[in-house]
Amino acid sequence: MKEKILQLIKDFEQRKATVSTKEEVEALRLDFIGKKGLITLLMQDFRNVPAEEKREIGMLINEAKQNVESSVAELKEKIEEEELNKKLESEPRIDCTLPVKTGTGALSPRTILQKQIVDMFVSMGFTIEDGNEIETEYNNFDAVNVPASHPARDMQDTFWLDNGEVLKTQTSAAQNRILRTHGPKCRVLFPGRCFRNESLDATHENTFFQIEGVVVDENVSVANLIYFMKEMLKGVFKKDVNVRLRPGFFPFTEPSFELDATCPLCAGKGCGACSHTGWMELCPCGMIHPNVLREAGIDPDKYNGFAFGLGFDRLVMIKTGLDDIRHLNGGNVKLLKQYGTKI
Ligand code: FA5
């Protein structure tokens, strides 16, 4: 038996030196340790080995079997590597060091300006948050004091989903969650995409962006609101911009305002862009309604705050001179790239 095993090991080593394909390796494996392989058959004969030789013979057979297994694995790996190398040699080479063809895309003017505005507010101590695009009716309306009978809930304006949720019509939909999370002393900016079932024209899209901000603390005033708005406008237009507040109405602010800025194009003298008024309507805002604070678990007798909801596409249009909001959602890369440089 011992001689047989030693002979088998020799035979295996000889065969091993001759194989060069995966198929040959598999045949070699089957011949030696397959179901009817030579070593497997020897193992079946093992029961006939005299008891005193069993230990030595057993070890020899096991070593031979392990040697075949590891040799087969090594051979397979070696052959696979050789095959891969051959394949790589035969394929056209890609030179990763060649310069990349640039200019295939561009950041939207919206993206560029939003980043600038976000940076400004971060430098003024604001945290940036993201809102959902699909919102509950509660967050979009009830939580911000929009009563059930308010016309904004009408099918004309709101995209309702079958499950009763809505496509967020305003970034204010995130107010309740944000106030709850951040608590009564907070400065938070939350840009987001909004959706309304509007007739489209040069200034109205069904998908547009707002940038909303809230500040809540003790003794917050309208003067604070004006300060932050002027700082933002100074950053956007790189010069001081005058603002004025007109009375407005929003269920979630009291008092509510429409904030106008002196037309940055004609510096308030009057031009086509501002309908010769010298002012541009820019940002609805106001002092957060006590009901909204209360609904978010904040005591309105102790804390107050302001909120603003900048119509962001409008600001992008003013800044770049783009005359139709629909371009901002279009895929004309050349156009968007060109207007992006104006920011
Ligand atoms: C609101 O959406 C309020 N949530 C804003 C607000 C926030 C007020 C916090 C007070 C406090 P309004 O519906 O006016 O308000 O929209 C705000 C701005 O979004 C508008 O001034 C306008 O610039 C922009 N906007 C509204 N509808 C459209 C539209 N269909 N296409 C493009 N921009 C729009």
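Domain bounds here come from an automatic or database domain assignment. With that in mind, let us walk through this predicted model, starting with its overall layout. The assignment divides the protein into domain 1, covering residues 2-90, and domain 2, covering residues 109-337. If you take the C-alpha centre of each, domain 1 and domain 2 turn out to be 75 Å apart.

Now let us turn to the ligand. Where does the ligand sit? You will find the ligand in the largest pocket. Its surroundings comprise 20 residues, and the ones that come nearest are Gln170, Ser172, Arg196, Glu205 and Gln210. Sorted by class, this shell holds eight nonpolar residues, eight polar residues and four charged residues.

It helps to see which strands build the shell. Strand E5 (207-217), strand E8 (279-288) and strand E9 (304-311) each contribute at least two of the residues around the ligand. Which strand gives the most to the shell? That is E9, with four residues. Gln210, one of the nearest residues, falls within the 207-217 range of strand E5.

Next, have a look at individual atoms. On glutamine 170, a polar side-chain atom lies 2.7 Å from a nitrogen atom of the ligand. Arginine 196 also uses its side chain: an N or O atom there is 2.9 Å from an oxygen atom of the ligand. With glutamate 205 it is the backbone that takes part, as one of its N or O atoms lies 2.8 Å from a ligand nitrogen atom. How much of the ligand does the protein cover? On its own, the ligand has 670 Å² of accessible area, and the protein covers 87% of this.

Finally, two details of the backbone deserve a visit. The peptide bond that leads from glutamate 254 to proline 255 is cis, with omega near 0 degrees. Proline 255 belongs to strand E7, which spans residues 253-262. The other detail is asparagine 145, a residue other than glycine whose phi is positive, near 65 degrees. To locate asparagine 145, follow the chain into the loop between helix H6 (137-140) and strand E3 (166-167).

Note on methods: Residues numbered from 1 in each chain as written. Predicted model: local features only at pLDDT ≥ 70, side-chain atom pairs only at ≥ 80, totals over all residues. Heavy atoms only, no water. Near = heavy atom within 4 Å. Polar contact = N/O pair within 3.5 Å; in protein donor to acceptor, adjacent residues only side chain to side chain. Areas by Shrake-Rupley, 256 points an atom, 1.4 Å probe, with all protein chains shown as cover. 1 Å grid on protein atoms, 1.4 Å probe; cavity = no way out; pocket = protein on both sides within 12 Å on 5 of 7 lines; lining within 4 Å. Sits in = over half its atoms within 2 Å of the grid points. Nonpolar A, V, L, I, M, F, W, Y, C, P; charged D, E, K, R; others polar.
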